[in-house]
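Reader: Please take a close look at the sheet in this model, and at what packs against it. I would like one connected account.

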Amino acid sequence: MQAQRTTSPARQRGLSFIGVIFIGLLAVAAFAIGGQSIPIFLEYQAINKAATKAARDSSTVPEVRASFDRAAAIDDIRSISGKDLEVTKRGDKVIVSFKYSREIALAGPAYLVYRFENSVN
């Protein structure tokens, strides 16, 4: 007969079933929040690009807002419009500033809020 080897509980490694379930829930939550956050960041990049283009190509406030609204229609920007932009001039440069927030509903009364603020010229 062969002698059986036994391992002490102190040498055993790995996750328990409860640990696997917990890590799985955390992974699902991270993917769910990340999946809803990616479009928000893509829209922010589109807003930043449209504001930069409007600041470069236009010289008056109505032109900047109209240029931004045209770019917003193309890029499907819904969080902000041309009337929400703050347009100022510093010397001969046009400065376009914007500020807005977006939120993601998590569970019940809990929300994840993203606040964006930038100034481009």
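Author: The strands E1 and E2 run antiparallel and are joined by 5 bridges. One pairing between them places Arg90 opposite Lys93 in E2. This is a predicted model, and the description below should be read as such.

The sheet as a whole is open and has 3 strands, in the order E1-E2-E3, with antiparallel pairing. Strand E1 (86-90) and E3 are the edge strands; each has a single partner strand, so one side of each has no neighbour in the sheet. From one strand to the next, the twist averages 20°.

Helix H1 packs on this sheet and touches E2 and E3. The direction of H1 makes about 170° with that of E2.

Aromatic rings come next. Across the whole structure, a search finds 7 aromatic pairs. One of them is formed by Phe41 and Phe116, with 5.8 Å from centre to centre and 90° between the planes, an edge-to-face arrangement. Phe41 belongs to helix H1 and Phe116 to strand E3, so this pair ties together parts that lie 75 residues apart in sequence. The two residues can also be described by their accessibility. Phe116 has a relative accessibility of 9% and counts as buried, whereas Phe41, with a relative accessible area of 37%, is partly exposed. Both rings belong to a cluster linked by ring pairs, which consists of Phe41, Tyr44, Phe98, Tyr100, Tyr114 and Phe116.

Phe98 also leads to the nonpolar core. The largest nonpolar core has 24 residues, and those that touch the most other members are Phe68, Ile80, Leu85, Val96 and Phe98. At least two residues of this core come from each of helix H1 (17-57), helix H2 (61-75), strand E2 (93-107) and strand E3 (110-120). H1 contributes the most, with 8 residues.

Phe68 gives a detailed view of this core. Apart from neighbours within four places in sequence, Phe68 is in contact with Ile47, Ala50, Ala51, Ala54, Ile80, Ser81, Gly82 and Leu85. Two of these partners, Ile80 and Leu85, are themselves listed with Phe68 among the core residues that touch the most other members.

To return to the sheet: H1 touches E2 and E3, an aromatic pair links H1 to E3 through Phe41 and Phe116, and H1, E2 and E3 are among the elements that each supply at least two residues to the largest nonpolar core.

Methods. Residues numbered from 1 in each chain as written. Predicted model: local features only at pLDDT ≥ 70, side-chain atom pairs only at ≥ 80, totals over all residues. Heavy atoms only, no water. Core = buried A, V, L, I, M, F, W, Y, C linked by side-chain atoms within 4.5 Å. Buried < 20%, exposed > 50% of the residue type's maximum accessible area, 1.4 Å probe, protein only. Helix = DSSP H or I, 4+ residues; strand = E, 2+ residues; numbered from the N terminus. Contact = heavy atoms within 4.5 Å. Pairing = 2+ DSSP bridges. Axes fitted to C-alpha atoms, helices over the stretch in contact; angles between N-to-C directions. Phe/Tyr/Trp six-rings, centres within 6.5 Å; stacked < 30°, edge-to-face > 60°.
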